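Please open the model in your viewer and keep the sequence panel beside it. The stops below go from the whole chain to its interior and then to single residues.

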Amino acid sequence: MKVNIPLQVIDMESDGCHLLADVKIGRKKYKIVLDTGASKTVFDQNTLANAGNVDIKATNRLSAGLGTVTMESFTAVIADLKLGKLKLTDFEVAVLDLSSINQAYSQLNHPEVLGVLGGDILMKYKAVIDYQKKRLRLES
């Protein structure tokens, strides 16, 4: 089954653009950034903690990237994650403090994001990004 997910293109001033998609955890909708350079899907620790009914666990790993050298890393298993009509159950995500990203977005009058959609989902579901039609196609 092929799933088409609409994308929102946001201007990052002189730094190009970012692509945002809607995701749902349970019944609550969030924005997420498509990040083809991210190996794993990462959600913001504060936003996820406020989502309710999500158990965030510390790991013994440090994560690099996202504008930092290293930071403490956490994981969470999302019982019910939806990308358009694609439903992922018991999907493990990395959890980091992404408040600096949301602060930067806020300064540019962009919406707060839950995190980044990474290569773990993009590769597994054979992602195709259509910039002209502003959509992400996934295959389940």
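What does the accessible surface of the protein chain come to, and what percentage of it belongs to carbon and sulfur atoms? In this predicted model, the accessible surface comes to about 8,200 Å², and 47% of it belongs to carbon and sulfur atoms.

**The whole chain**

Begin with a cartoon view coloured by secondary structure, in which the protein chain shows 3 helices and 11 strands. Read from the N terminus on, these elements follow the order β-β-β-β-β-α-β-β-β-α-β-α-β-β. If you now reduce the display to the C-alpha trace, its span along the principal axes is about 40 × 35 × 25 Å. The radius of gyration of the protein chain is 14 Å, which agrees with the value near 14 Å for a compact globule of 140 residues. Of these 140 residues, 39% count as buried, and among the contacts with a separation of 6 or more, 57% are made by residues 24 or more positions apart.

Next, select the charged side chains: the protein chain has 18 positive and 16 negative ones, and the centres of the two sets lie 11 Å apart.

**The nonpolar interior**

Hide the charged groups and turn to the largest nonpolar core, which has 30 residues. Select Phe43, Leu48, Ile78 and Leu83, the residues with the most contacts inside this core. At least two residues of the core come from each of strand S1 (2-6), strand S3 (17-25), strand S4 (28-34), strand S7 (68-83), S8, H3 and strand S11 (135-139). Apart from this core lies another, of 12 residues, including Ile10, Met12, Ala38 and Leu98. As a general background to both, nonpolar side chains tend to be buried together in soluble globular proteins.

Which residues are in contact with isoleucine 78, leaving aside its neighbours within four places in sequence? Centre the view on isoleucine 78 and you will find Ile25, Phe43, Leu48, Val54, Leu88, Thr89, Asp90, Phe91 and Val93.

**Strand S8 and helix H2**

From that list, move to aspartate 90, which is placed in strand S8 (residues 86-96). Aspartate 90 counts as exposed because its relative accessibility is 56%, and its phi is positive, about 50°, although aspartate 90 is not a glycine.

Continue to helix H2 (residues 99-107) and select asparagine 102, which is found there. Is asparagine 102 buried or exposed? Asparagine 102 is buried, with a relative accessible area of 11%; leaving aside its neighbours within four places in sequence, asparagine 102 is in contact with Asp44, Thr47, Pro111, Glu112 and Val113.

Then step along to asparagine 109, in the loop between H2 and strand S9 (115-117). Asparagine 109 is exposed, with a relative accessible area of 71%, and its phi, near 60°, is a positive value in a residue other than glycine.

**Lysine 126**

For the last stop, select lysine 126, in the loop between helix H3 (119-124) and strand S10 (128-130). At 52% relative accessibility, lysine 126 counts as exposed, because the cut-off for that class is over 50%. Leaving aside its neighbours within four places in sequence, lysine 126 is in contact with Arg137 and Glu139. To relate this loop to the core visited earlier, draw a C-alpha to C-alpha distance from lysine 126 to isoleucine 78: the two are 21 Å apart in space and 48 residues apart in sequence.

Note on methods:
Residues numbered from 1 in each chain as written. Predicted model: local features only at pLDDT ≥ 70, side-chain atom pairs only at ≥ 80, totals over all residues. Heavy atoms only, no water. Helix = DSSP H or I, 4+ residues; strand = E, 2+ residues; numbered from the N terminus. Buried < 20%, exposed > 50% of the residue type's maximum accessible area, 1.4 Å probe, protein only. Contact = heavy atoms within 4.5 Å. Rg over C-alpha atoms; globule rule 2.2 N^0.38 Å. Areas by Shrake-Rupley, 256 points an atom, 1.4 Å probe, with all protein chains shown as cover. Lys, Arg positive; Asp, Glu negative; His and termini not counted. Charge placed at Lys NZ, Arg CZ, Asp CG, Glu CD. Core = buried A, V, L, I, M, F, W, Y, C linked by side-chain atoms within 4.5 Å.
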